[in-house]
Amino acid sequence: SSNMENDVSLKFCQQLLVISENLVTEDVAALKFLCMDLLHLSKLEGVKSAADIFKLLMAQEYLNAEDTFLLAELLYRIKCHSLLEKLGYTKEKVQEHLHEKGRVSPYRQMLYELSENITNEMLKEIIFLLQNRLPKRGICRSALDLLTLLEKRGLLTKDNVHILEYVCKTISPDLLQILDCYKKAKVLCCNIFSSPDVWTTAKLLKEFGVLPSFCPKMHKSRCVLLSSEQEGTPVDGGFLFQPQVRLKYMILEVLLFFFSFLQTISSYKMDGPHRGFCLIINNVNFNSSQRKGSCKDAEQLERVFTWLGLDVRTYTDQTSGDIIKLMQTWQRVQDHRDRNCFICCILSHGKSGAVYGTDDKLVSIRVLTTHFTAQQCPQLAAKPKLFFIQACQGNNVQRPVYVDTDGPTPDLSSMEERVSLSESIPEEADFLLGMATVDGCVSFRHTEEGTWYIQALCSKLQLLVPRGEDILSILTQVNEEVAKRVSPSGTKKQMPQPAYTLRRKFIFPIPMAPPPS
């Protein structure tokens with residue numbers, strides 16, 4: 001029996017070690033912050049790795065081989081969903097049990113969500129604003145460092161978030177929504193605790209504007225919609241909670257409701273009547289080559305983005321001049337004003353920082369994207385603009401059998417100038433550039449099945465949009481999918497790369513219809 005226990009303990013420690021090795025410095029900092037209500041601050045200050053945190057949690061009996069839920073919750077909170085399988089969990093399974101097993105407080109969740117939305121520029125402004133309240137020698141490398149410092153100095157507590165309201169009003173009023181959400185949930189729960197009966201509770205929920213949108217999300221057995229007069233006391237002729245519902249669960253449901261909106265209110269608005277336009281430029285026939293399999297990509301993109309609610313327009317075999325004219329035309333479209341976003345997919349050959357027209361002339365990716373800055377296209381100001389580029393960013397690769405590279409035939413006699421990915425998008429906010437490959441490298445295309453990148457992108461959008469994942473999480477999964485693939489020769493690989501200046505999470509609304517494939 002003792003040998004079996006030792007084996008279990010060894011296996012568990014090995015699992016923790018594997019998880020620790022897959023967490024980067026930023027992940028460790030996030031874990032430390034989320035554990036501040038569970039572990040003593042003096043002990044957390046000595047933490048150097050995730051394994052150190054796991055050791056502290058085990059010492060306090062928060063974590064053991066039989067109960068790993070707290071660790072699963074922490075990984076879920078920092079969005080390391082792929083590591084959940086190491087513990088036998090999935091994202092959905094963690095979500096299902098959070099209301100009864102969750103240990104990270106709403107206050108800590110709120111602070112972490114706030115930190116995720118504070119950019120480096122905003123952090124500098126906040127530090128400048130609070131310079132008289134912070135120690136002269138204090139170093140705040142991140143938003144989490146700043147929040148921790150404020151807590152240490154007693155300027156920030158679960159009952160006093162005035163200092164955050166002050167800086168948010170000054171630096172970024174949008175962030176106030178996260179604080180308002182927390183305060184509203186806190187007041188609501190206090191009132192529910194003091195209410196004498198379930199009907200008073202229901203009235204409170206109604207007054208706070210929670211009940212109408214909240215009830216459909218709850219379990220059907222807990223809530224009924226009165227379409228006519230029924231037994232019992234109606235609440236404003238609307239929603240009734242069945243008396244057997246325990247207040248404890250109502251409070252938990254309220255908190256879950258509010259914090260599910262933390263993600264929504266820190267996301268781009270995507271609930272308009274028109275989602276946006278999606279342009280697909282599909283260059284197949286060149287003077288000296290043909291991109292076989294590209295039509296498969298274009299068809300799949302059309303199906304997926306139409307399913308996601310976009311108005312898709314496809315343009316085939318565009319010269320460099322045609323591409324520029326297209327950008328100029330769409331730059332002036334007034335209908336962008338009533339749309340939530342803009343998406344442009346370009347399927348072509350390419351070199352570093354540029355794509356080819358069918359006339360074999362290069363067009364700078366930066367030239368394309370800057371057509372849609374706030375100054376050049378005010379109708380899309382403050383709205384997300386996504387560009388997906390399927391093209392090589394280099395050409396020094398030998399092509400294996402059945403796999404083409406999306407670049408011209410290599411000319412090894414000349415060295416090509418490199419353009420960094422960050423230089424391909426404007427400095428201003430709200431852009432995302434998804435590249436099929438890192439700079440200087442080729443990307444691969446199956447002559448019948450299409451490109452590795454576009455097929456993975458379409459597949460992951462169909463899988464993860466219905467789960468409510470944001471676009472950066474989806475692109476991380478695309479990276480993982482493409483990285484697993486190898487060319488038929490077994491020697492060539494590919495790694496996509498995104499660059500972005502998004503200020504918020506970009507989350508597609510979940511379509512009513514099932515995925516197209």
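Here, contact means heavy atoms within 4.5 Å of each other. Keep that in mind as you work through this predicted model.

**Exercise 1. Find what helix 2 packs against.**

Solution.
Step 1: Go to helix 2, residues 25–34, and pick out its buried residues: Asp27, Val28, Ala30, Leu31, Phe33 and Leu34.
Step 2: See what those buried residues pack against, which is helix 4 (50–59), helix 5 (69–77), helix 7 and helix 9 (143–152).
Step 3: Take a second look at phenylalanine 33, since the charged end of arginine 108 sits over its ring, 4.8 Å from the centre.

**Exercise 2. Work out how the rings of tyrosine 107 and tyrosine 182 are arranged, and where they sit in the chain.**

Solution.
Step 1: A pair of aromatic rings is described by the distance of the centres and the angle of the planes.
Step 2: For tyrosine 107 and tyrosine 182, the centres are 6.1 Å apart and the planes meet at 50 degrees.
Step 3: Rings pair if their centres lie within 6.5 Å, and planes that are neither under 30 degrees apart nor over 60 count as tilted. The two tyrosines therefore make a tilted pair.
Step 4: Now place them: tyrosine 107 belongs to helix 7 (residues 106–116) and tyrosine 182 to helix 11 (residues 176–194), so the pair links parts of the chain 75 residues apart.
Step 5: Both tyrosine 107 and tyrosine 182 are buried.

**Exercise 3. Do the same for phenylalanine 372 and phenylalanine 387, then look at other aromatic rings.**

Solution.
Step 1: Phenylalanine 372 and phenylalanine 387 are 6.0 Å apart, centre to centre, with 50 degrees between the planes, and this pair is tilted too.
Step 2: Phenylalanine 372 is in the loop between helix 17 (365–369) and strand 9 (385–390), while phenylalanine 387 is in strand 9 itself, 15 residues away.
Step 3: Check the burial. Phenylalanine 372 has a relative accessible area of 0%, and phenylalanine 387 has 1%. Buried means under 20%, so phenylalanine 372 is buried, and so is phenylalanine 387.
Step 4: Widen the view: Phe305, Phe388, Phe506 and Phe508 form one aromatic cluster, and the total for the structure is ten aromatic pairs.
Step 5: Finish with a charge: lysine 385 lies over the face of phenylalanine 431, 5.2 Å from the ring centre.

**Exercise 4. Decide whether cysteine 345 is bonded or free of a disulfide.**

Solution.
Step 1: A disulfide is a covalent bond between the sulfur atoms of two cysteines.
Step 2: The cysteine sulfur nearest to that of cysteine 345 belongs to cysteine 278, 4.3 Å away.
Step 3: A disulfide needs the sulfur atoms within 2.5 Å, so cysteine 345 is in no disulfide.
Step 4: The whole structure holds zero disulfides.
Step 5: As for burial, cysteine 345 is buried at 0% relative accessibility, and cysteine 80 is buried at 12%.

**Exercise 5. Describe the surroundings of glutamate 165.**

Solution.
Step 1: Glutamate 165 lies in helix 10, residues 162–171.
Step 2: Its relative accessible area is 12%, so glutamate 165 counts as buried.
Step 3: Set aside neighbours within four places in sequence, and glutamate 165 is in contact with Leu176, Leu179 and Lys183.

**Exercise 6. Sum up the chain as a whole.**

Solution.
Step 1: The protein chain has 19 helices and 14 strands.
Step 2: Out of its 517 residues, 50% count as buried.
Step 3: The chain exposes about 25,300 Å², with carbon and sulfur atoms supplying 51% of that.

Methods:
Residues numbered from 1 in each chain as written. Predicted model: local features only at pLDDT ≥ 70, side-chain atom pairs only at ≥ 80, totals over all residues. Heavy atoms only, no water. Helix = DSSP H or I, 4+ residues; strand = E, 2+ residues; numbered from the N terminus. Buried < 20%, exposed > 50% of the residue type's maximum accessible area, 1.4 Å probe, protein only. Lys NZ or Arg CZ within 6 Å of the ring centre and 35° of its normal. Areas by Shrake-Rupley, 256 points an atom, 1.4 Å probe, with all protein chains shown as cover.
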